[in-house]
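Reader: I'm new to this one, could you walk me through it? I'd like to ask things as we go along.

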Amino acid sequence: MADTKNIMIVGVGGQGTLLTSRILGGMTVAAGYDVKLSEVHGMAQRGGSVVTYVRYGDEVAEPIVEEGQADVLISFERLEALRYAHYLKKDGVIIVNDQRIDPMPVVTGVAQYPENIIEDLKKEHKVIAVDAMEEALAMGNSRVFNVIILGVAAKHMDFEKDMWIEVIKNTVPPKTVDINVAAFEKGYEIG
């Protein structure tokens with residue numbers, strides 16, 4: 001693979017974007033690629049945007065993904081998918097957690113939360129929408145929804161499922177290995 005692959009992970013503070021990017025980074029290193037990770041925090045503590053870029057290939061010069069360059073956009077929330085969709089390549093894919101989290105301007109009544117986000121995104125992009133929070137709650141742990149989304153995304157990347165599971169086992173806190181592996185399997189099945 002001579003080409004550099006560009007993955008963006010977007011969400012709101014507290015949604016597990018950083019853990020997800022660590023798993024993805026670990027995955028690409030395990031596969032023998034040069035990897036650059038870059039994290040951009042907005043008001044992460046207050047539910048603001050958090051963006052992580054993961055770039056991998058034979059040789060990666062810089063960590064930032066430019067507009068129109070992302071192969072995969074992993075979004076943990078609908079509005080974040082809309083906000084960063086312009087980073088996607090023409091043939092890229094958006095994997096979005098079908099969940100609404102109102103940003104501060106909406107909470108305070110200054111702005112409206114857009115309607116039909118996923119339908120609108122589908123007009124221009126390949127979109128896979130999953131209600132990962134519902135799946136996570138059904139598993140008894142709302143915090144693993146991000147790993148469910150990663151499982152869905154893994155179906156659209158060139159890595160073996162067993163490698164993903166190894167990396168997850170080595171990355172998540174030891175007490176959470178079983179639930180995270182189960183969450184990944186669930187997402188992979190959906191994907």
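**Contacts of one loop residue**

Author: Leaving aside residues up to four places away in sequence, Gln 99 touches Gln 15, Phe 76, Glu 77, Arg 78, Tyr 113, Met 133 and Phe 145, where contact means heavy atoms within 4.5 Å. This is a predicted model, in which local features need pLDDT of at least 70 and side-chain atom pairs count only at pLDDT 80 or more, while totals for chains, interfaces and linings use all residues. Residues are numbered from 1 along each chain as its sequence is written, and side-chain values use heavy atoms, with hydrogens and water left out.

Reader: Where is Gln 99 found, and is Gln 99 buried or exposed?

Author: Gln 99 is found in the loop between S5 and helix H3 (104-107); helices (H or I, at least four residues) and strands (E, at least two) are DSSP runs, numbered from the N terminus. Gln 99 counts as buried because its relative accessibility is 17%, given that buried means under 20% relative accessible area, exposed over 50% and partly exposed in between, with a 1.4 Å probe and protein chains only.

Reader: Met 133 was on that contact list, so which residues of helix H5 are buried?

Author: In H5, which runs over residues 132-139, the buried residues are Ala 132, Met 133 and Ala 136. They lie on the same side of H5 because they cover an arc of only 100° around the axis, the arc being that of the directions from the helix axis to the C-beta atoms. The face turned away from that buried side carries the exposed residues Glu 134, Leu 137 and Ala 138.

Reader: What covers the buried residues of H5?

Author: The cover includes S5, S6 and H6. Just after H5, Gly 140 takes a positive phi of about 90°.

Reader: And which residues of helix H4 are buried?

Author: In H4 (residues 117-124) they are Ile 117, Ile 118 and Leu 121. Their arc around the axis is only 90°, which puts them on the same side of H4. Their cover includes helix H2 (78-84), strand S5 (88-97) and strand S6 (126-130).

Reader: Changing topic, how many aromatic pairs are there?

Author: Rings of Phe, Tyr and Trp (its six-membered ring) pair if their centres lie within 6.5 Å, with planes under 30 degrees apart counted as stacked, over 60 as edge-to-face and the rest as tilted. By this rule the count comes to 8 aromatic pairs. One of them is the tilted pair of Tyr 84 and Tyr 87, at 6.0 Å centre to centre and 45° between the planes. Tyr 84 counts as buried at 14% relative accessibility, and Tyr 87 is buried as well, with a relative accessible area of 16%.

Reader: Which residues do ring pairs link into a cluster?

Author: The cluster consists of Tyr 33, Tyr 56, Phe 159, Trp 164, Phe 184 and Tyr 188. Over the ring of Tyr 188 sits the charged end of Lys 155, 4.6 Å from the ring centre; this requires NZ of Lys or CZ of Arg within 6 Å of the ring centre and within 35 degrees of the ring normal.

Reader: Last one, where is Lys 186 found, and which residues does Lys 186 touch?

Author: Lys 186 is found in helix H8 (residues 177-190), and, not counting residues up to four places away in sequence, Lys 186 touches Glu 135 and Met 139. Lys 186 is partly exposed, its relative accessible area being 27%.
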